[in-house]
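Thanks for sharing this one with me. Here are my notes, point by point, to read alongside the coordinates.

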Amino acid sequence: MTTNRADRPTPVSHRLVLGAAAVTTGLMAGTFFVFSCAVMPALGRSDDRTFIEVMRNINDVIENPVFFAGFFGALVLTAVALWQHRRSPGPRGLLVAALVVYAAAFLLTSGVNVPLNNALADAGDPARLADPAAVRDRFEDAWNGWNAVRAVLCTAALALLLAVPYAGARRRTRMGSARPAGQAPLPAVSPVSGSGSSASR
């Protein structure tokens, strides 16, 4: 007797990878969220030179192994989870969407926010800038706006990842309850009673 793949329990390795993808994606969503709701509003109260100096310091220290583990890990782990669930239609669709959405946030960071950070660093020593207000104006609004977008994208990717186990469970339930028309369930036969009755004949 063969068991349908959809009826089999999810392997532990699949659950671990999916959980790690959700954790790393959640960490990135939280990082960008904190910037939007706390860090940047607080810096917005600073004078121009202080704003530039602190933002440059943040951009410098955030390039560390812990941040990169989450930033790259979310992308890689979601891709691995998608490969593991490639034969499960429900989870596969959610994972494709999660990967696309997070990849958009990844590319947005690399293509927009990082170049803005580099331009701020290339402007020079904040104490010696002739027009710090102009430097700040070219950076602040654009960076804040795109950071909010990537925070929303990462949050959406997290929501999609969290929905994957439920999609898999619903599919297994449907497959388990589905039965071809006219097929009656097999009678339960006790091996002991069956052998006893034949022996008594």
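1. Let me start with His14, which sits in helix 1. This is a predicted model, and in it His14 has 18% relative accessibility. The cut-off for buried is under 20%, so His14 counts as buried. Which residues does His14 touch, leaving aside those up to four places away in sequence? They are Gln84 and His85.

2. His85 comes up again with Thr10, which belongs to the segment before helix 1. Thr10 and His85 are 75 residues apart in sequence, yet their C-alpha atoms are 9.4 Å apart in space. Thr10 is partly exposed, at 23% relative accessibility.

3. Helix 1 itself deserves a look. It covers residues 12-43, and for its 32 residues a rise of 1.5 Å a residue predicts a span of 46 Å. The end C-alpha atoms are 44 Å apart, which agrees with that expectation. Do look at Phe35 too, where helix 1 bends by about 45°.

4. Two further C-alpha pairs are worth displaying. Ala79, a residue of helix 3, has its C-alpha 8.8 Å from that of Ala21, with their positions 58 residues apart along the chain. Ala79 is partly exposed, with 33% relative accessibility. The other pair is Asn144 and Pro41: they are 103 residues apart along the chain, and 9.4 Å separates their C-alpha atoms. Asn144 is in helix 5, residues 132-177, and is partly exposed as well, at 24% relative accessible area.

5. Stepping back to the whole chain, what does the secondary structure of the protein come to? The tally is six helices and zero strands, so to write out the elements from the N terminus gives α-α-α-α-α-α. Among contacts with a separation of 6 or more, 81% are between residues 24 or more positions apart. Of the 201 residues, 30% count as buried. The protein exposes about 12,000 Å², and 64% of that comes from carbon and sulfur atoms.

6. Now for the aromatic side chains. The count of aromatic pairs comes to nine. One of them is Phe67 with Phe68: the ring centres are 5.8 Å apart and the planes stand at 65°, so this pair is edge-to-face, the cut-off being over 60 degrees. Is each partner buried or partly exposed? Phe67 is buried at 15% relative accessibility, whereas Phe68 is partly exposed at 33%.

7. Phe72 and Phe106 make another edge-to-face pair, with ring centres 5.5 Å apart and planes at 70°. Phe72 lies in helix 3 (residues 65-84) and Phe106 in helix 4 (residues 89-122), so the pair ties together parts that are 34 residues apart in sequence. Phe72 has 40% relative accessibility and counts as partly exposed, while Phe106 is buried at 13%. Both residues belong to one aromatic cluster, made up of Phe67, Phe68, Phe71, Phe72 and Phe106.

8. There are also charged groups placed over rings. Arg86 lies over the face of Trp83, 4.0 Å from the ring centre. In the case of Arg136, the charged end sits over the ring of Phe51, at 4.3 Å from its centre.

9. Finally, helix 4, the helix that holds Phe106. How far does helix 4 reach from its first C-alpha to its last? With 34 residues it reaches 48 Å, close to the 50 Å expected at 1.5 Å a residue. Helix 4 bends by about 35° at Thr109. Just after helix 4 comes Gly124, which takes a positive phi of about 110°.

10. If you are choosing views for a figure, I have three suggestions. One could show His14 with Gln84 and His85, its contacts beyond four places in sequence. A second could show the aromatic cluster that includes Phe72 and Phe106. A third could mark the bends, at Phe35 in helix 1 and at Thr109 in helix 4.

Notes:
Residues numbered from 1 in each chain as written. Predicted model: local features only at pLDDT ≥ 70, side-chain atom pairs only at ≥ 80, totals over all residues. Heavy atoms only, no water. Helix = DSSP H or I, 4+ residues; strand = E, 2+ residues; numbered from the N terminus. Buried < 20%, exposed > 50% of the residue type's maximum accessible area, 1.4 Å probe, protein only. Contact = heavy atoms within 4.5 Å. Areas by Shrake-Rupley, 256 points an atom, 1.4 Å probe, with all protein chains shown as cover. Phe/Tyr/Trp six-rings, centres within 6.5 Å; stacked < 30°, edge-to-face > 60°. Lys NZ or Arg CZ within 6 Å of the ring centre and 35° of its normal. Expected span 1.5 Å × (residues − 1). Bend = angle between axes of the 7 residues up to and from the residue.
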